[in-house]
Amino acid sequence: MGLSRKKLFAITVIMVGTFVTVLNQTLVAPALPSIMEDTHVNAAVAQWLTTGFTLVNAIMIPITAFLQDRFPTKRLFLFSMGVFTVGAVLCGLAANFPMLLAGRLVQAVGAGILMPMSMTVLLVTFPVEKRGVAMGVFGLVIAFGPAIGPTVGGIVVDTADWHLMFLGIAMLTAIVFVLAIFLLEKNATDGKPGDAKFDALSVILSTLGFGGLLYGFSEFGSSGISIASGVAMVVGVVCVIWFFIRQTHLETPMLRVKVLYNRKFLIATIIGMLVQASLLAAPILMPIYIQTLLGESATMSGLVLMPGAIIMGLMNPIAGKLFDKQGPRLLSLLGMGMLFVTTIGFGILGLQSAIWYIVILYMVRMLSMALVNMPITTWGMNALDTSLMNHGTSVNNTLRQVAGSLGTAIVVSVSTSVQTGLTGQMPDAEAAMFGINAAFMVCAAMVLIGFVLTIIFVKGKPGTTDAVGVEAPGGERGASSGAPGAASKANKELLSRIMKTDVYSLAPDDTVQDAMELFITKKISAAPIIDANGEPVGFISDGDILKQLSRQSESYTDPVLLMAFSANDSAAYDEKLAKVMSLPVTAVGVKGTIGVNIHADLEEVCRVLSRSHLKKVPVMEDGRIVGVLNRSDVTQYSMETYLANH
């Protein structure tokens with residue numbers, strides 16, 4: 001690799017640290033029955049070890065962007081590893097459930113910072129030409145941890161004690177911490193303050209809001225309807241609504257929720273939340289079912305989950321390639337259909353179900369997850385302008401984490417409530433089985449809602465968006481087309497007078513160099529990409545080209561997105577310039593283009609130009625570009641009209 005020994009040691013330390021934290025998230029599942037027995041808690045209480053961890057992770061995602069902008073990388077990396085180690089020690093020494101839960105929540109604080117921090121450290125530690133390799137290995141680590149976590153946890157529980165599981169994690173992270181002191185660059189980043197702002201009220205509202213909802217559902221599951229659960233849920237709902245409203249009014253919001261104004265992104269996020277809510281139920285309920293009801297070992301419960309996790313990891317890149325060829329609809333429909341059927345399959349499990357049947361059912365379920373998660377997320381992200389990608393991933397990841405926490409709390413509460421209600425009317429094992437079946441049926445209902453949303457809204461051909469009309473609220477590219485409807489003929493006549501009809505465009509197979517020559521000779525700064533049928537399929541500007549030539553220095557909170565951007569930043573400037581010039585315009589420009597319908601009124605035109613910060617916008621008629629409106633021409637016409645009438 002051409003790296004010094006110190007660099008090789010550094011990447012090893014980073015990878016081990018990341019692997020341990022990812023492993024930690026799935027290690028607890030097979031140990032839950034033993035933890036419940038030792039600490040004398042039921043499933044509704046024990047699930048807080050997972051839902052609480054996930055919730056704190058969700059809260060830390062937007063905070064991490066602020067921390068990365070304010071503190072040097074090495075210092076923040078050491079802080080996150082130190083906090084995580086302290087949490088692991090607390091778990092390992094826990095004599096009761098409250099102490100164990102406290103340790104898990106402390107771990108979650110460190111892990112929530114560590115994931116994006118690990119990616120940043122990789123980027124600043126290794127030279128530009130080595131970043132692609134480093135991020136590729138990082139991706140494998142992310143996929144490998146969840147695959148072996150349940151099995152490792154099961155083996156430790158069967159051969160020793162669950163306390164040793166956490167103490168082992170603490171030892172590994174302590175080693176990483178010490179090595180990082182010596183092996184990470186002291187001045188990995190300049191540490192100069194950025195423009196990020198910390199909003200304490202937003203953090204308080206998100207914590208009280210999501211925490212209140214979680215606590216309310218959990219109390220409902222373990223104790224039934226009570227004043228405490230009711231108050232917690234009311235406080236949670238109020239704080240969540242207040243949190244979202246506040247984000248829309250802050251100049252620098254903690255979470256840029258305005259990206260949810262884009263309908264496609266909103267639908268994709270809702271579907272992703274429903275899938276995530278049903279996803280986390282199985283790793284919690286299945287170990288309880290396999291160990292408590294079927295009488296199998298903790299190791300066996302881990303082995304049952306491992307093939308499914310491996311299948312999901314292997315299928316993610318394959319699903320990506322299929323998405324490029326087939327588009328989102330076929331994959332997402334197939335995935336949601338399979339997910340619904342397999343979730344129903346878990347809902348009808350019995351006390352005599354065979355292990356091999358459960359393994360196959362779980363494998364198919366994880367396969368369906370791979371077919372849904374990537375296509376739906378990519379479809380939603382494609383609806384956003386490139387400049388909003390980072391905000392989109394932050395919102396999407398946060399809401400999915402919260403949905404996973406709330407979904408787990410709900411289904412476990414359902415399981416516990418049903419079991420409690422049937423206890424005394426039938427044998428305890430059958431009551432517990434009915435509870436687990438009911439919980440999976442609730443998951444099936446959530447998946448069914450997502451399936452219906454997929455059928456109605458998820459459409460689109462591979463490599464394209466529906467961006468031929470006006471843009472969505474918030475100014476994102478990729479908004480859906482607006483039909484003329486009752487728009488007047490006068491609007492069309494007015495736009496026809498103002499717009500320029502000499503439209504300069506590019507073909508999909510033109511190169512960036514062709515685009516630059518067109519910009520220079522015609523003295524323009526952007527042009528639509530038109531296919532052989534005369535329909536717009538994209539848009540490229542000088543700003544899009546500039547982004548390809550710049551260093552990717554933004555802070556990203558999504559691993560896949562950061563890998564994609566980092567892979568391009570891998571050559572010296574001259575070499576990069578030559579490489580970019582040879583790329584097709586479709587690889588650099590934005591898929592789809594913002595446009596206004598020929599029947600739109602002038603107010604709508606001004607809204608599109610101002611919100612999207614555009615100098616010009618194509619005018620569309622029957623899906624084709626018939627002209628271009630310049631901002632200066634619209635402004636001049638408006639001023640002339642006003643002065644003439646006053």
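Select residues 559–564, where pLDDT (the predictor's confidence in each residue, from 0 to 100) stays under 50. For this stretch the predicted model has 15 contacts beyond four places in sequence, a contact being heavy atoms within 4.5 Å. Next select residues 552–557, where pLDDT also stays under 50 and the model has 17 contacts beyond four places in sequence. Where pLDDT is low, the predicted coordinates should not be read in detail. For the protein, the mean pLDDT is 76, and 78% of the residues reach 70 or more.

Two remarks on reading the model follow. Residues are numbered from 1 along each chain as its sequence is written, and side-chain values use heavy atoms, with hydrogens and water left out. As this is a predicted model, local features need pLDDT of at least 70 and side-chain atom pairs count only at pLDDT 80 or more, while totals for chains, interfaces and linings use all residues.

**First stop: a sheet of β1, β2 and β3**

Select residues 526–530, which are strand β1, and residues 536–541, which are strand β2. Helices (H or I, at least four residues) and strands (E, at least two) are DSSP runs, numbered from the N terminus. Five bridges join β1 to β2, and the two run antiparallel; two strands pair if DSSP finds at least two bridges between them. One bridge to display is that of Ile529, whose partner in β2 is Gly538. The two strands form a hairpin with five residues between them, and Gly534 in the turn has a positive phi of about 80°.

Now add residues 590–591, strand β3, which is joined to β2 by two bridges and runs antiparallel to it. Here Phe539 has Val590 of β3 as its bridge partner. The three strands form an open, antiparallel sheet in the order β1-β2-β3. Because β1 and β3 stand at the edges with a single partner strand each, one side of each is left without a neighbour in the sheet. How many of the six residues of β2 are buried? Five of them are buried, that is, under 20% relative accessible area, whereas exposed means over 50% and partly exposed lies in between (1.4 Å probe, protein chains only).

**Second stop: a sheet of β4, β5 and β6**

Select the three strands that form an open sheet in the order β4-β5-β6, with mixed pairing. The edge strands are β4 (596–597) and β6 (624–630), each pairing on one side only. Strand β5, residues 616–621, pairs with β6 in the antiparallel sense over six bridges. To see one of these positions, display Pro618 and its bridge partner in β6, Val628.

**Third stop: Arg400**

Select Arg400 in helix α16, residues 389–422. Is Arg400 buried or exposed? Arg400 counts as buried because its relative accessibility is 12%. Beyond four places in sequence, Arg400 touches Gly272, Met273, Gln276, Asn373 and Thr377.

**Last stop: a nonpolar patch**

Finally, select Ile204, Leu208, Ile227, Val231 and Val235, which make a nonpolar surface patch of about 460 Å². The elements giving two or more residues to this patch are α9 (200–223) and α10 (227–249). Helix α10 gives the most, with three residues. Leu208 is found in α9, and Leu208 counts as partly exposed because its relative accessibility is 44%.

Terms used. Patches are made of residues with over 30% relative accessible area and no salt bridge: like charges are joined within 9 Å, nonpolar side chains (Val, Leu, Ile, Met, Phe, Trp, Tyr) within 5 Å. Accessible areas come from the Shrake-Rupley method with a 1.4 Å probe; for residues, only the protein chains shown count as cover. A salt bridge is a side-chain nitrogen of Lys or Arg within 4 Å of a carboxyl oxygen of Asp or Glu.
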